[in-house]
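Colleague: Could you take one part of this model and go through it closely for me? I'd like the loops and backbone details as well, and then how it all sits with the rest.

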Amino acid sequence: MSGPILQLRDVSLSFKGIQALNALSFDVARGEICALIGPNGAGKSSLLNVINGVYRADSGDVIFDQQRFVRIHPTRAARFGIGRTFQHNALFKRLSVRDNVLAGLIRHSRTTLLEHAFGVGRDRSETREFGRRADDIIAFLELPRHRDAIVSTLPYGVQKRVDLARALVGRPTLLLLDEPMAGMNQDEKREMSRFILDANRTLKTTIVLIEHDIGVVMGLSHHVVVLDYGRKVGDGTPEEVRNNPDVITAYLGAVH
Amino acid sequence: MTLISSAEVADFAPARAPVRPRSRVWIGFAVAALVVFVGVPLLANDYWLNAILVPFLILSLAGLGLNLLMGYAGQASLGTGGFMSVGAYATYNLLLRLPQLPLPVSLLLGGVIAGLVGMAAGLLSLRIKGFYLVASTLATQFFLEWLFNQFGWFSNYSTSSSISAPRLAILGHDLSGPVGRYLLTLSAVTIVTAVAIRLVHSQTGRTWMAIRDMDTAASVIGIPVASGKLKAFFVSSLVIGIAGALWAFAYLGTVDARSFNLDRSFEVMFIIILGGMGSIVGNYLGAAFMVLLPILLDHVISGPLGGAIDAGQLENFQKALFGGLIIWFLIKEPNGLAALLSRCRQWLARRTAP
Amino acid sequence: MSLQRTFFHMQNLRRAVAAATVGLSFAASVAAFADDAKTQYFPLATFRVGAYASSGIPVWAGEIDYFRYINEVEGGINGIKLVWDECETNWEVEKGVECYERVKGGKNGSPVPIFLPHGDPISKALTEKSVADKIPLVTIAYGRTEAIDGRVFPYSFPTVFSFWSEASSAINFIAAKAGGKDKLKGLKIATVYHDSPYGKETQVPLAFLAKTYGFEDIQIPVPHPGNDQSAQWAKIRQLKPDWVFLRGWGVMTPVAIKTAAKVGFPVDHIIGGIWSGSEEDVRPAGAVAKGYLAITPFPAGSNFEIHQKLKKYILDKGLSDLKDPKSFGSVYYNSGVDEAIIAVEAIRTAQAHFGVHPINGEEAQWGLEHLDLSEKRLAELGATGLEQPLKLSVQDHEGGGAGKVLQWDGEKWNVVSDGWVKSDRDLLLPLIYERAAAYAKEKGIVLRDATN
Amino acid sequence: MNFFVETLVGGLLAGVMYSLVAIGFVLVFKASGVFNFAQGSMVLCAALTFVTLREKNIDFWLAALITLAIMVAIAIAVERVVLRPLVNQPQITLFMATLGLSFVIEGLSQIAMGASVHELDLGIVDTPIKFGDIQVSQFDLVAAATAGVLVVALSIFFSKTRVGISLRAIADDPQAALSIGIRLQTLWQIVWGVAGFVSLVAGLLWGARQGVQFALTLVVLKALPVLIIGGFTSITGAIVGGLIVGAGDSLAEIYLGGLLGGSVSTWFAYALAVIFLLIRPAGLFGEAAIERI
């Protein structure tokens, strides 16, 4: 079916009087890569947190896949198929790469405690199935040589990729990436962009991402939304946005 | 700085070791099984069976139980003694009131009851975290201690409100002798350990470790944190409950609630911290340490210079020394004896490597 | 990897096995000189550390001093010298059991005649093991009361003064004060007890006696350890009992005495139980303890004949185990002497029957069940007034069942009852046998016949 | 009614005794984020030292001074040997360390001074005073007064002195404290020293109440719920918590104990604490901790 996968209608959010999001509205079309840009404190991360239920919007609607919800628990959002990576990476640092990826599948698990304890029933088949899916993603993101490494021992760039793998393995319909390339050098960024594009093309995942590097954003995304102090100042294709005077003053003007 | 995040507890968990060729493991497994199930009963005398091996095994089991909760799921608890007492009293009443049930079933059911109580106590963990959770488990500890001391029904109205084991027997085989009680304990420990190992490498175990390492992220990627915590409390208390029943019937023979007081909770916590959090073998190392050290000190010190020093001083000295050792371990080997052991193995491997 | 770990734990157990074998060979080497043993081994379970150490320390002193006296002056029991070593229990069940297991095998070929658990919970935990190992547990003034019935509890000896007798004697003392048992009618007697199996042990007999004599039986529990009792004594102030029977343990007693003074309850109407009746219990309470009463089978005092001997041959020769000489003749010290006397006499009795050699548990049990400490014998021992006449049998593992009431004058204890206050054993024994029978039924124990 | 009031007052005053112990915890926790289980042993150690000195006929104040010196020495040693190597370790580790520490202190102080019970007479007569027909214990009043003085003194110490200010600072930011110019180690030593002083006061009052003996260490267990209710970081909280626990215990023992068969006070305080936790996870006066995603 068609139609936007995600619609925001006049979403507002405030912390202790500070307006983080101000009557924000835009759509995310199915299958596109949508980039949220804007200076620090523009409310980008808050927006992601509203979309997957970490925060509750003060007012406005979030309509995901035709269903409207006011407050949803993050776990349920994940069940609905909203995947998420984190700005400050939030991997399970004592676990191996593979275990981290497998953790991304737990929400699909249909087995019970007893089956796990005694390795009976669907446990074995599920373990095999999950293992396969995990290994596929690991291969897809070119992580096999790190497969059994403890994530806390891996370089930052790789950890970011593991974070992406953990989010992708559950095959989310909508994937939220919070600064997937923060703190990366150009090569790493190029690599990461490639993975994001592949994920979007081959896995048909709709992606909403936050990124500061305009170059990367313009090259990567079909659709750009520009935020400033919780307001939307631009919304359109990269070209449109690039030529939007408000955006230029609000954002591109202030070069980081 | 007012909370330990579960992640902090996780800092104990040692990295996992690489896999070994199966065949060798199986041989070692078989040999070990032969030794402990046949060799030990033939060789060891009553003292070793009753006073060292049985308590060692049971404490390892209790350690395992707490380790599942604290080392894997990152939920620290001081309710261990209480849950042990639930297991003991529940099993006692099952043996007493449903004599037709075979012993293993009563043991398991006793454990399950302890598990449910543990789960109820675990409800607090859904709102309270870290050190405050530790404190709140003390409430459970003291309440249970009081409960069993207070209400005669639990101890079948015995004068001393202490419970003593009915005859231990499986399929008519009497197990009340030292060897019998050793084998009963050993079998229970072996089975539970095997299941526990399966569990920590299953989805459940992964859920627990995810909660331990970063519970907020866990919930965002769709891991059921609340149910995960409750399951951890259930399984942990189940294991601890079985340990409690064994402590009462296979080890002491008679207990009242005070055998499961706060000191017991501390003892078990020492075991897993010395042994190594988030490690299965650590529980055995820790328990061995806890059981053997005092006896060792006793023999060593009282042996050569027993006459020289006054006995009271000796005991106080032991106490101080033990405290010192605990501090030393926390400073020098926070990942516990398990980490120490694996480091030794690596060192040996390096030495033996061509 | 799971197998990996299993493998480790097996290795680890294998290590334990190795250790076990070592221990075994050690035990074997010990068992070597079984025959030519000329000494009587007598293990002592002690608690010199932990919350109760202060009450324990004088007890071992009393025991050890008497043992040394037997060895030094009398050259042992008919020439068989006593050897003992200590095992620390911290008054904890687990450690107690560990000690028992460690020593029960005997030493250098000498068997264990008697084990003194020194701890109510420990004695209960050992009840069944002791039967299996045929080692008598002598628990003087503590332990399971039903064990008086030796037909059901062949190896448990709650000798001299059980908790039931303690309660009954206390009541009888009150009766004497009131001027006759008929005067008990309508009196309010509150029992303030340590809320533990030990503390609850007297609930049944007191309820029974209350019914018999028509006094009001009030039970007030104090949670362990009992370092705050404001609530309990507020309650007492409200109920205004005529007497308070205080069954404390450790710190609970001094706090109780102080709190009583605080709420203005007359301290000379508080009767402490056996374990609330020592110098260590009242001294910390200071001046307010003056006038406090206590019932005990171990009358304090250092003027008994045996104390003269102990002083002459042990203390003055610097052989005493006592660190603080002012504890000589204290309640706990004398309790140690009492225990030692009974143990030694039981062994002596056994020797008379089985011949002069190191006595084992089975023989000692016979010795205990045929122990007869008559006035005459006590006089010979120099224990007149210190120890009550005692005659044990299969049906009666208690024997005496009387205590003396002491009063604290701020410096020392003085006996205020006239002689030994007897308990109503004839009244209570049927009840005790009933309970013993019930226990036998639950455990499927066949009663021994009483006629051997 | 009188009976109720009397029980209440008695409970409140008993609570103050717990507060005295709790204050020591709060100090240490504020400074080094450690729940110091060894506080009980420090109480025992202080009281034992003091009594032993007194029994050697040393003058009261001199004895107090020497004891204090010893407590400070212990504080410094603890910082050097235990805290410094464990800095930045999880709280639970530090907690375990203090457990070990309590073993060490108990063991050593009993080696040095024996395990027997000592009487401690502070010359405070403990006879009841009547207000109408409500009795109040003089001793408890003195204890309460002492606690009051202590709190005032401490709050002055912490609001006026550099140590105090930096202490308040590190509660939220260790760096800030350092910028004020006191080394964290020094600060810890000072605070543990003060905690030692507090345990001396507590030790004297408790010792006078129940005799100086091992059981003194058990007061820790009652102090914990006091801390949870009051919050680990607030001295006022410690006092209020103590009052709540004391009153709650006594009333529960009388009115609940009747229904449930007594001894409810073994757990009641903790149940109370848990309820408080559920409502206010950081305690009445404690600062809530923020968790970042």
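Modeller: A quick word on labels: helices are DSSP runs of H or I with at least four residues, strands are E runs with at least two, and both are numbered from the N terminus. Also keep in mind that this is a predicted model. The predictor gives the complex an ipTM of 0.86 and a pTM of 0.88.

I'll make chain A the part to look at, beginning with its four-stranded sheet. That sheet is open, runs in the order 2-1-4-5 and pairs in the antiparallel sense. At its edges are strand 2 (18-28) and strand 5 (67-69) of chain A; each has a single partner strand, so one side of each has no neighbour in the sheet. On average, and ignoring direction, neighbouring strands here are turned by 25° against each other. Strand 1 (residues 6-15) of chain A meets strand 2 of chain A through seven bridges, in the antiparallel sense. If you want a register marker for that pair, take Gln7(A), which stands opposite Asp27(A) in strand 2 of chain A. Helix 1 (residues 44-51) of chain A packs on this sheet, where it touches strand 1, strand 2 and strand 4 (59-64) of chain A. The direction of helix 1 makes about 65° with that of strand 2 of chain A.

Now follow the chain out of strand 4. In the loop between strand 4 and strand 5 of chain A you come to Asp65(A). Its phi is positive, about 55°, even though Asp65(A) is not a glycine. Is Asp65(A) buried or exposed? In between, as it turns out: Asp65(A) has 16 other C-beta atoms within 10 Å, so it counts as partly exposed. Buried would take 20 or more, and exposed 12 or fewer.

There's a good counterpart in chain C. Asn90(C) likewise has a positive phi of about 55° without being a glycine. Asn90(C) lies in the loop between strand 4 (86-88) and helix 3 (93-103) of chain C. But Asn90(C) is buried, because 22 other C-beta atoms lie within 10 Å. Chain C has another backbone detail for your list: the peptide bond from His224(C) to Pro225(C) is cis, with omega near -5°. You'll find Pro225(C) in the loop between strand 8 (216-222) and helix 8 (230-239) of chain C.

Back in chain A, there is also an open sheet of six strands, in the order 6-7-8-3-9-10, with mixed pairing. Strand 6 (82-84) and strand 10 (231-236) of chain A are its edge strands, each pairing on one side only. The average turn between neighbouring strands of this sheet is 20°, direction ignored. Inside the sheet, strand 7 (residues 174-178) and strand 8 (residues 206-210) of chain A run parallel over five bridges. One of the partnerships there joins Asp178(A) to Ile210(A) of strand 8.

So much for the sheets; here is how the chains sit together. Chain A and chain C do not touch, their nearest C-alpha atoms being 12 Å apart. Five pairs of chains do touch, and the most contacts are between chains B and C. For the B-D contact, chain B puts in 38 residues and chain D 45. On the side of chain B that touches chain D, helix 12 of chain B gives the most, with 13 residues. By class, that side of chain B has 25 nonpolar, nine polar and four charged residues.

One spot in chain B is worth zooming in on: Leu274(B), in helix 10 of chain B. With 26 C-beta neighbours inside 10 Å, Leu274(B) counts as buried. Beyond its neighbours within four places in sequence, Leu274(B) contacts Gly286(B), Phe289(B), Phe329(B), Gly336(B) and Leu337(B). Pro334(B) is 60 residues away from Leu274(B) along the chain, yet their C-alpha atoms are separated by 7.7 Å.

Finally, the packing. The largest nonpolar core has 442 residues, and Ile58(B), Val239(B), Ala47(D), Val191(D) and Ala273(D) touch the most other members. Helix 3 (residues 46-72) of chain B gives the most to this core, with 19 residues. Setting aside neighbours within four places in sequence, Val191(D) is in contact with Leu27(D), Val28(D), Ala31(D) and Leu167(D). As for confidence in that chain, the mean pLDDT of chain D is 83, with 91% of its residues at 70 or more.

Note on methods
Residues numbered from 1 in each chain as written. Chains lettered and ligands numbered in written order. Predicted model: local features only at pLDDT ≥ 70, side-chain atom pairs only at ≥ 80, totals over all residues. Contact = placed C-beta atoms within 7 Å. Nonpolar A, V, L, I, M, F, W, Y, C, P; charged D, E, K, R; others polar. pLDDT = per-residue confidence, 0-100. Pairing = 2+ DSSP bridges. Axes fitted to C-alpha atoms, helices over the stretch in contact; angles between N-to-C directions. Core = buried A, V, L, I, M, F, W, Y, C linked by C-beta atoms within 7 Å.
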